[in-house]
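User: I would like to learn how to read a protein model one feature at a time. Could you take me through this one slowly, giving the general idea before each case?

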Amino acid sequence: MTTVSPTPQPAMQLRELIFGAACAAAVRAAARLGVADALGERPTTAEELATAVRAEARPLDRLLRTLSCYGIFAETDDGKYVHTDMSRLLREDNPHSLRYISLWCTEPWTWDAWPRLDEAVRSGSNVFEGLYGKGFFQYLHQDAPESAEVFDRAMTTSSKQSAQDIAQLLDLTGASSVADIGGGQGHVLASLLEKYPSMQGTLLDLPTVVANPDPRLREGGALASRVRIVPGDCRQEIPVQADVYIIKNILEWDDESTRRTLHNVVGAARPGARVVVIENLVDDSPSMKFTTAMDLLLLLNVGGAKHTRASLVSRMTDAGLKVGELRVVNPYLHAFECTVPE
Ligand SMILES: C[S@@+](CC[C@H](N)C(=O)[O-])C[C@H]1O[C@@H](n2cnc3c(N)ncnc32)[C@H](O)[C@@H]1O
């Protein structure tokens, strides 16, 4: 029998890392096939799973064997498969599901963009426009509706998971209105409106995104009477008056878009208004591998970056905001409390 060293040698480690794309592709395939959803609580053969997901048994077995090497599914001694904590997160019905995040991080455009990372590092600019002849969000909404839907669902997953944390953290006592700029489908806004029953809310995002808001905000929804939905481009204009503005996971794109968005918020808000900027910080993250990878993906698609504390503070200060307290929302998110000067 081969002797296996418990710690892979550098060459072995590097060989495994070089094939990271195979792991990402395997996770994507499993998510698209719905294997985690098809696998129940009893050990199941690849043949049974193949019938359930309408695939060939032998290649499915190979896919599951690969994923099992990473702890995503596990193989029993008699060659059946069972769930692990990670594979359960690929189920759509898991309240903490990462199914759409895993699809989003491996969408077809990512496989076009990654090989050009050296180009992006040389130029400091996105490669997206060179590849597709238009900006990232324009491409998503005009040319890739399936990717746009995956993106919205991925954002919904992460927003739902963080909305409760944000609502719990933010004390909006004394405010009568709140606006979420680039608020996606409005999960953060809905959580805040549920916490404050007399608060009015505004959701601003791109037209195709706000066309499909959280059911609570839609016509007939429990919060609809207190919500105004504004389709728009926050880089052009923010025609919204509110006591509190939330800007969450927006300022990760190119500097000019960040500059214009902050400028528009400061221009729209009355003196003394609160602006809460919520971001993942690349210099304070419990998962540096995930955050730095996302930072590179942002370079590729929008010429953007995950911020450090200092880079975010300098952009907010440049826009004329008074930057106050920085608070931890959850292990991944930080909230910067700012005010528009009187
Ligand atoms: C990373 S998501 C964050 C969504 C939400 N704030 C959250 O944290 O869940 C970025 C959001 O910005 C929106 N967005 C992109 N370009 C925009 C623009 N020019 N004007 C307004 N919203 C925009 C996207 O549609 C998307 O909902």
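Analyst: Let us begin with a definition: helices (H or I, at least four residues) and strands (E, at least two) are DSSP runs, numbered from the N terminus. With that in hand, Arg28 can be placed in helix H2, which spans residues 20-33. Please keep in mind that this is a predicted model, in which local features need pLDDT of at least 70 and side-chain atom pairs count only at pLDDT 80 or more, while totals for chains, interfaces and linings use all residues. Residues are numbered from 1 along each chain as its sequence is written, and side-chain values use heavy atoms, with hydrogens and water left out.

User: Is Arg28 buried or exposed?

Analyst: Buried means under 20% relative accessible area, exposed means over 50%, and partly exposed is in between, with a 1.4 Å probe and protein chains only. Arg28 has a relative accessible area of 12%, so it counts as buried. A contact means heavy atoms within 4.5 Å, and, leaving aside residues up to four places away in sequence, Arg28 touches Leu103, Thr106, Glu107, Pro108 and Trp111.

User: How many residues of helix H13 are buried?

Analyst: Helix H13, residues 187-195, is mostly covered, since seven of its nine residues are buried. Those buried residues are His187, Val188, Leu189, Ala190, Ser191, Leu192 and Leu193, and what covers them includes H12, strand S3 (177-181), strand S4 (200-205), S5 and strand S6 (244-248).

User: What does the phi of Arg54 look like, and where does Arg54 lie?

Analyst: In general, most residues other than glycine have a negative phi. Arg54 is not a glycine, yet its phi is positive, about 55 degrees; its place is in the loop between helix H4 (46-53) and helix H5 (57-69). With a relative accessible area of 76%, Arg54 is exposed. Phe73 also has a positive phi, near 75 degrees, without being a glycine, and it lies in the loop between H5 and strand S1 (74-75). Phe73 is buried, however, because its relative accessible area is 1%.

User: Which residues come nearest to the ligand?

Analyst: A residue is near a molecule or strand if one of its heavy atoms lies within 4 Å of it. Of the 18 residues around the ligand, Ser159, Gly182, Asp205, Asp233 and Lys248 come nearest. Helix H12, residues 145-169, gives the most to this shell, with three residues.

User: What polar atoms of Gly182, Cys234 and Arg235 lie by the ligand?

Analyst: A polar contact is a pair of N or O atoms within 3.5 Å; within protein, one must be able to donate a hydrogen and the other to accept it, and residues adjacent in sequence count only if both atoms are side-chain atoms. A backbone N or O atom of Gly182 lies 2.7 Å from a nitrogen atom of the ligand, and for a backbone N or O atom of Cys234 the distance to a ligand nitrogen is 2.9 Å. Arg235 takes part through its side chain, where an N or O atom is 3.4 Å from a nitrogen atom of the ligand. Taken alone the ligand exposes 590 Å², and the protein buries 95% of that, where accessible areas come from the Shrake-Rupley method with a 1.4 Å probe and, for residues, only the protein chains shown count as cover.
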